[in-house]
Amino acid sequence: MIINTGQRTDIPAFYSKWFMNRIKEGYVLVRNPYFPKNVTKFYLTPDKVDVIGFCTKNPRPMFKYLDELKEFGQFWYVSITGFDNDFEPNVPKIDDVIDDFKYLSNKIGKNAIGFRYTPIIVNSKYTVEHHIKTFKYIVENLSGHTNLVTYGFVDLYDKLLKNHPEIKDCSDENKIYITKEFIKIAKEHNMDLRLCSKEKWLIDYGVDIEGCMRLSDYERAINKKLNPTQKMQARKNYCACFLSNDIGTYNSCMHLCAYCYANGNKELVIKNYKNHDDNSPFLIGNIEEGDIIKEANQESWTTNQMVLDLF
């Protein structure tokens, strides 16, 4: 099976020690975000977990543990946008993340890592040309270290509209122009460009809309075919990704990005962060009275069939 760490928070950046404690203990407890008393126990052992998916804006805190994760397959997405601290107050500088991306690629292999340029927010400071220039700079620097890049436009969730009404969607005309330019840049560096946002109609301009996290990506990362025994439900009519079991917790990412869909408000995030215990089986908090703990149905999906590298 596949375990994901990055759909709800950034575990490598802020909770790497906790994560490795969970690896050593061999399990993790995860609350249902909508029914908190319902808790799932996932075993974190190589005989049950074929791939661990990491999504992060700062992989460096996990580097000292990479050798301890060698028994597990890994697939990483590293987000690099180049926003200043007006949108990303606690994200490392762009060149630092680029350097860390290269280090990670050399460590785990370029088939096990991709980068995300998302979300695209257009305003008087972050103009269309700014995004094209920044995207080109990142792609040129990562050339040879990955074959996979994902981009997407900002999603105006209700809480985003409430917390940051100054953030606006850009015009369809700009989305088309950016898409065409990104396609050119990616092709020049032999990178597979995919869209990760709601504008599926951009397929008419040549971009791949079939999901940024696919079963084939996990397979290529570990060089083995996977035969899933369960189907992960993506967001209907929105997300085409092969979603996996996520062990993160909403409202816990201390990057505090203005556009984040996983954080409700800064005060709640800080409160939760203070309630984190590296030795707890939960990312935030601990076992509480009335918790109903059920073990996940887990088994390896790997087969003996190898994967051909088609990039």
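This passage describes aromatic pairing, helix packing and selected residue environments in a predicted model.

Aromatic contacts were examined across the chain, and the count comes to 17 aromatic pairs. One of these is formed by Phe75 and Tyr218, whose rings meet edge-to-face with a centre-to-centre distance of 5.5 Å and an angle of 70° between the planes. The partners come from distant parts of the chain: Phe75 belongs to strand S5 (residues 73–79) and Tyr218 to helix H7 (residues 215–222), a separation of 143 residues. The relative accessible area of Phe75 is 2%, so this residue is buried. Tyr218 is likewise classed as buried, because its relative accessible area is 0%. A further pair involves Phe83 and Tyr259, with ring centres 6.0 Å apart; the planes lie at 45°, and the pair is therefore tilted. Phe83 is located in the loop between S5 and helix H3 (94–108), whereas Tyr259 is located in the loop between strand S9 (245–246) and helix H8 (266–274), so the pair ties together parts that are 176 residues apart in sequence. Both Phe83 and Tyr259 are buried.

Beyond these pairs, one aromatic cluster is formed by Phe115, Tyr117, Phe135, Tyr151, Phe153 and Phe182. A lysine is placed over a member of this cluster: Lys175 lies over the face of Phe153, at 5.6 Å from the ring centre. A corresponding arrangement is found at Tyr27, where Lys41 lies over the ring face at 4.7 Å from the centre.

Tyr27 itself is part of strand S2. With a relative accessible area of 23%, Tyr27 is partly exposed. Leaving aside residues up to four places away in sequence, Tyr27 touches Arg22, Lys41, Phe42, Tyr43, Leu44 and Pro281. Tyr27 and Tyr151 are separated by 124 residues in sequence, and their C-alpha atoms are 33 Å apart in space.

The loop between strand S2 (27–31) and strand S3 (38–43) contains Pro36. This proline counts as partly exposed, at 46% relative accessibility. When residues up to four places away in sequence are not counted, Pro36 touches Arg31 and Asp291. The C-alpha atoms of Pro36 and Gly53 are separated by 23 Å, although the two residues are 17 residues apart along the chain.

Helix packing was considered next. The axes of H3 and helix H4 (residues 128–142) come within 10 Å and cross at roughly 30°. Because angles under 35 degrees count as roughly parallel, H3 is described as roughly parallel to H4. The crossing of H3 past H4 is right-handed. On the H3 side the contact is made by Ile94, Asp95, Ile98, Phe101 and Lys102, and on the H4 side by Thr134, Tyr137, Ile138, Asn141 and Leu142.

Helix H7, which carries Tyr218, is mostly covered, with six of its eight residues buried. These buried residues are Asp217, Tyr218, Glu219, Arg220, Ala221 and Ile222. They pack against five strands, namely strand S1 (2–4), strand S4 (51–56), S5, strand S7 (148–153) and strand S8 (192–195). S5 is also the strand that holds Phe75, the partner of Tyr218 in the edge-to-face pair. Just after H7, Asn223 takes a positive phi of about 60°.

Technical notes. Residues are numbered from 1 along each chain as its sequence is written. This is a predicted model: local features need pLDDT of at least 70, side-chain atom pairs count only at pLDDT 80 or more; totals for chains, interfaces and linings use all residues. Side-chain values use heavy atoms; hydrogens and water are left out. Rings of Phe, Tyr and Trp (its six-membered ring) pair if their centres lie within 6.5 Å; planes under 30 degrees apart count as stacked, over 60 as edge-to-face and the rest as tilted. Helices (H or I, at least four residues) and strands (E, at least two) are DSSP runs, numbered from the N terminus. Buried means under 20% relative accessible area, exposed over 50%, partly exposed in between (1.4 Å probe, protein chains only). A charge sits over a ring if NZ of Lys or CZ of Arg is within 6 Å of the ring centre and within 35 degrees of the ring normal. Axes are lines fitted to C-alpha atoms, for helices over the stretch in contact, and angles run from 0 to 180 degrees between N-to-C directions. Angles under 35 degrees count as roughly parallel, over 145 as roughly antiparallel, 65 to 115 as roughly perpendicular and the rest as oblique. A crossing is left-handed if the near helix is turned anticlockwise from the far one by less than a right angle, and right-handed if clockwise. Contact means heavy atoms within 4.5 Å.
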